[in-house]
Amino acid sequence: MILQPGILALLLGALVSLLLMAGGAVLGVRIAWQWQPGQADERQLLLERRSWLAASLIQWAVAFETLSLLLFVYTADQLHPLFVGAMCATGTLNANPIGWHLLWIKLLLFLLGGLWWVVNRLDLQLPEAPLTKPKFLALLVLLPLCVADLVVMARYFAGLQPEVITSCCGSLFGTAGRGTASELAALPVRPMIIAFYTVSGAFGGLMLICRQHAGWAWRTLLAMAAGLFAATALASVVAFISVYYYRLPHHHCPFDLLQGHYYLIGYPLYVCLFGALLCGLVPQLLALLRPLPAFADRLAATERRWLTAGLSLLAGLLALVSWPLLFGEFTLKAYL
């Protein structure tokens, strides 16, 4: 294993997150099993106090996992000089392909952890805490993901060997290669630009509609649009967004955007992308809670805040994407 500060921090953070998640999950499931909100005895009072402790442990674990996602991407990029053939995080991930699975696990933890955080914040606003049982039972999903995160991360870093010659973005995201990455790189520029702005516009329009109108159908459409937006945006990063920032018509790597000579533009770009995705999923989650009368006065305000955040993040992403297209000296007119 390579003993690098970022690796040690990630492993230690994953271990701490797992301990917090495990402690909160064990305590939370026991609370959910014994929870009787209609009772006012000493045992119920003790359970309420313990529920605050369990929720605090889980909140810290979710926060650590979110930071871990950013640190993992940063560390993968910083490690690439150690591997022959690597020029960015792509080469580091290819040095031990299990790293790609780890990246997806961390993204899933970010999304599910964010949704759990929303439910927990709502639950803590009411004295009767009506969501105590479902939010703690949901830890039966989050806990295995935390275990997988630590195990896969340990296997990934343990399997990194500096003497291994790895392939990098030129081969993985090359238009002449094979596989999904090469197919994304080979997508035609003009249709992808049209698709990106069309889907983003529809996604933003549905968020505006949900701010003004109630209804399950609109929230369901928004959640579906959020998934389509994320897929289209990620494909667009490979197909044309990265190309405009690199000013190289055949360079499609989505990870070079994280490097300093591109002004670390990848970090705000991906934060806006995945942040908007999370905000687009929250209204559907809140729609599931509408039948509960206890939340009648709180869901609308909470949903409006998340929709506003989603619109802001989407606007930020569109600004980052549009700037090099509109004001950059580089052009792909010959490829359109």
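Start at Phe203: setting aside neighbours within four places in sequence, this residue touches Leu222, Ala225, Ala226, Phe229, Ala276, Gly280 and Leu314. Keep in mind that you're looking at a predicted model. Phe203 also belongs to the largest nonpolar core, a set of 116 residues, where Phe157, Phe203 and Phe240 have the most contacts inside the core. The top contributor is helix 10, residues 216–246, which puts in 16 residues. As background, nonpolar side chains in soluble globular proteins tend to be buried together.

Now for some nonpolar residues on the outside. Leu12, Leu15, Val16, Leu19, Trp60, Phe64, Leu67, Leu70 and Val271 make up a surface patch with about 850 Å² of accessible area together. Helix 1 (5–34) and helix 2 (42–79) each bring at least two residues to the patch. Take Leu19, which sits in helix 1: its relative accessibility is 57%, so Leu19 counts as exposed.

What about the cysteines? The model has 0 disulfides. For Cys210, the closest cysteine sulfur is in Cys279, and no bond forms because 13 Å is too far. Cys272 also has its closest cysteine sulfur in Cys279, at 10 Å, again too far for a bond. Cys210 is buried at 2% relative accessibility, and Cys272 is buried at 11%.

On to the charges. Side chains of opposite charge can pair when their charged atoms come close, and the salt-bridge count here is 4. One of them joins Lys106 and Asp149, with 3.0 Å from N to O. This pair spans distant parts of the chain, from Lys106 in helix 4 (residues 98–124) to Asp149 in helix 6 (residues 139–158), 43 residues apart. Both Lys106 and Asp149 are buried.

Helix 4 turns up again in the bridge between Asp123 and Lys135, at 2.9 Å from N to O. Asp123 is in helix 4 and Lys135 in helix 5 (residues 132–137), so this bridge ties together parts 12 residues apart in sequence. Are these two partners buried or exposed? Asp123 is buried, at 1% relative accessibility, and Lys135 is buried too, at 3%.

Last comes Glu303 with Arg290, a salt bridge at 3.5 Å from N to O. Glu303 lies in helix 12 (residues 299–327) and Arg290 in the loop between helix 11 (266–287) and helix 12, so the bridge ties together parts 13 residues apart in sequence. Glu303 is buried at 4% relative accessibility, whereas Arg290 is partly exposed at 35%. Bring in Arg219 and you have a network of salt bridges linking Arg219, Arg290 and Glu303.

Conventions:
Residues numbered from 1 in each chain as written. Predicted model: local features only at pLDDT ≥ 70, side-chain atom pairs only at ≥ 80, totals over all residues. Heavy atoms only, no water. Core = buried A, V, L, I, M, F, W, Y, C linked by side-chain atoms within 4.5 Å. Buried < 20%, exposed > 50% of the residue type's maximum accessible area, 1.4 Å probe, protein only. Helix = DSSP H or I, 4+ residues; strand = E, 2+ residues; numbered from the N terminus. Contact = heavy atoms within 4.5 Å. Patch = residues over 30% accessible without salt bridge, like charges linked within 9 Å, V, L, I, M, F, W, Y side chains within 5 Å. Areas by Shrake-Rupley, 256 points an atom, 1.4 Å probe, with all protein chains shown as cover. Salt bridge = Lys/Arg side-chain N within 4 Å of Asp/Glu carboxyl O. Disulfide = S-S within 2.5 Å.
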